[in-house]
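Hi everyone, thanks for coming. Let me put the model up on the screen, and then we can walk through a helix, the cores and the place where the chains meet.

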Amino acid sequence: MFVMCKREFISLFKGIKSIIMIAILFAVSYYAAKFSSVLSSGVELTAGEAEDIHTIGLLSVILLLGQLFVFGLSHDTINREIHERTMRFLVTRASRSTILFGKFLGIWLFWLFCIVVSFLLISIYSKKFDLFIFSQTMSLVTYQTALAVLLSVLIPRPGYTMFLGNILGLVLPAFGFWAALSPNGWVNWMKYFIPFYYLERDDFTFLVILGLAGIMLLAANTVFRRREC
Amino acid sequence: MNAIEAKQLSKAYGAHQVVMGMDLTVRKGEIFGFLGRNGAGKSTFINMLTGIISSSSGTYSLLGVEGPDSKVMKRVGVMPDYSSLYGSWTALDHLRFFSELSGARASKEKCLEVLRSVDLLLHANKKAGKLSFGMKKKLGIAQAIIHDPELIFLDEPTSGMDAESVILIHRLIKELQKQGKTVFMTSHNLDEVEKICSRIAIMRDGVIDKIGTMEELRAFYRSTITVKIKHSTVPKQEQAKLKQWLESAGSLLEHGDAYTVITISDENKIAEIIRAFTQCKADVLRVEVEEPSLEEIFLNE
């Protein structure tokens, strides 16, 4: 699993798409933290909100564009290998679960690296490393990564996952907030399957998001084990 | 312990049965050739054994371990058919990664040695996307043997290669056998299979039709032994008698003043034919015996 993870992790740093995304993430984190006092001056904030104001830039990016970023880089992590038949070399050497979880872990570690660096940039101005918000952010990224892996297993063509990934990346945050806040019963129940509802609270309910990610990964593993390469 | 044992292994796609209850045993240290027309089920059979696809029913074991088992696959090398490499990786990158994935991280020297064995040393740092079709095939073989496996599956290893490369790969396969490894290969090149394989199986419509050594397969088709005889002119008074005798011995294809061609079923008749010519006062100048080639056996099938 380590070999697959290492390869996926390193490959994510190559390519212009990754560099642009990392640059956006770091720039927004750094400058939002730097100018947080300007941001907070115009709005009335609670004591807790004022304390977390430095992370607002990073959280906004992850909440609104995180899914799009994860899909942008990893929508084809499994299906491209099947489509281009390189998967045939992998499945004859490692179990399918090893390949799937190795790839997931590689993508997850890439985002962990990006988020840790972003928090370190923020800590230059906030003078602290907020572990709670960091954990919440990572739980969201875990969910987004698991969803990208699941889609990549379910949809055989990389072109389709790219299209669907872009659509979902843009629609899911908006729909998530709508589902979480809407009193409409037809929509409201869906909030339990989307991470935003669990991030509203200042307790450990965000751990449910990890459970959702786990379910998606298990589903992806079950499908991938039956898939022909 | 056998290298491969398949029992009633089957694969069906809906109502279409591609492989039907195949039983096959491949002994350790053999070069086993697997023949069959396109669509006979050869690649499907290999893909089941190597975990690329799952079987519909039946069991199999590789190196004594019941499959599918990812641990035993570390001791197996596979060059699948219709596979492609990572275009942006060099040949060296491929060997490093695949050896690592097999749990036996190869040193740079080992990778270069394997690349040398397939004549790709000069292309070690070339990206796979820039390699020719034949070179990609060689890299496919190199990645299959980089981790020193005991059992190697090669699906049409020499198709698309130039003659010189084919000879090189044949030598490599024989060398692998000398090292005690088992090679299971499919091929459309009947001449190749006849030259290097210890045993051969002919597959037809999802089942094994014939299996055995080249001699065993020939013995099965002995009815087609062709005997070409160059002889002196047979005296006129003996001609009818000789012709009558030859027609009773086999199937007379050609019978002229200096040349006779006959097909017989029993090789013991060769001596009787020569004796018949002598008794009919003709000298036998040359005898050529042609046994059926693998191609003829295959085509007869």
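**One helix, then the cores and the interface**

Let's start with helix H9 of chain A (helices are DSSP runs of H or I, at least four residues, numbered from the N terminus): residues 131-154, 24 in number, reach 34 Å from first C-alpha to last, close to the 34 Å expected at 1.5 Å a residue. That expected span is 1.5 Å times one less than the number of residues.

A word on ground rules: this is a predicted model, where local features need pLDDT of at least 70, side-chain atom pairs count only at pLDDT 80 or more, and totals for chains, interfaces and linings use all residues. Residues are numbered from 1 along each chain as its sequence is written, chains are lettered from A and ligands numbered from 1 in the order written, and side-chain values use heavy atoms, leaving out hydrogens and water.

Back to H9(A): 20 of its 24 residues are buried, meaning under 20% relative accessible area with a 1.4 Å probe, protein chains only.

Now, the largest nonpolar core has 137 residues, and A:Trp111 and B:Phe45 are among those with the most contacts inside it. Such a core joins buried Ala, Val, Leu, Ile, Met, Phe, Trp, Tyr and Cys through side-chain atoms within 4.5 Å. H9(A) gives the largest share, 13 residues.

How do the chains meet? In contact (heavy atoms within 4.5 Å) are 27 residues of chain B and 20 of chain A. There are two salt bridges between them, a side-chain nitrogen of Lys or Arg lying within 4 Å of a carboxyl oxygen of Asp or Glu. B:Lys11 pairs with A:Glu228, closest N and O atoms 2.9 Å apart.

Methods: Helix = DSSP H or I, 4+ residues; strand = E, 2+ residues; numbered from the N terminus. Buried < 20%, exposed > 50% of the residue type's maximum accessible area, 1.4 Å probe, protein only.
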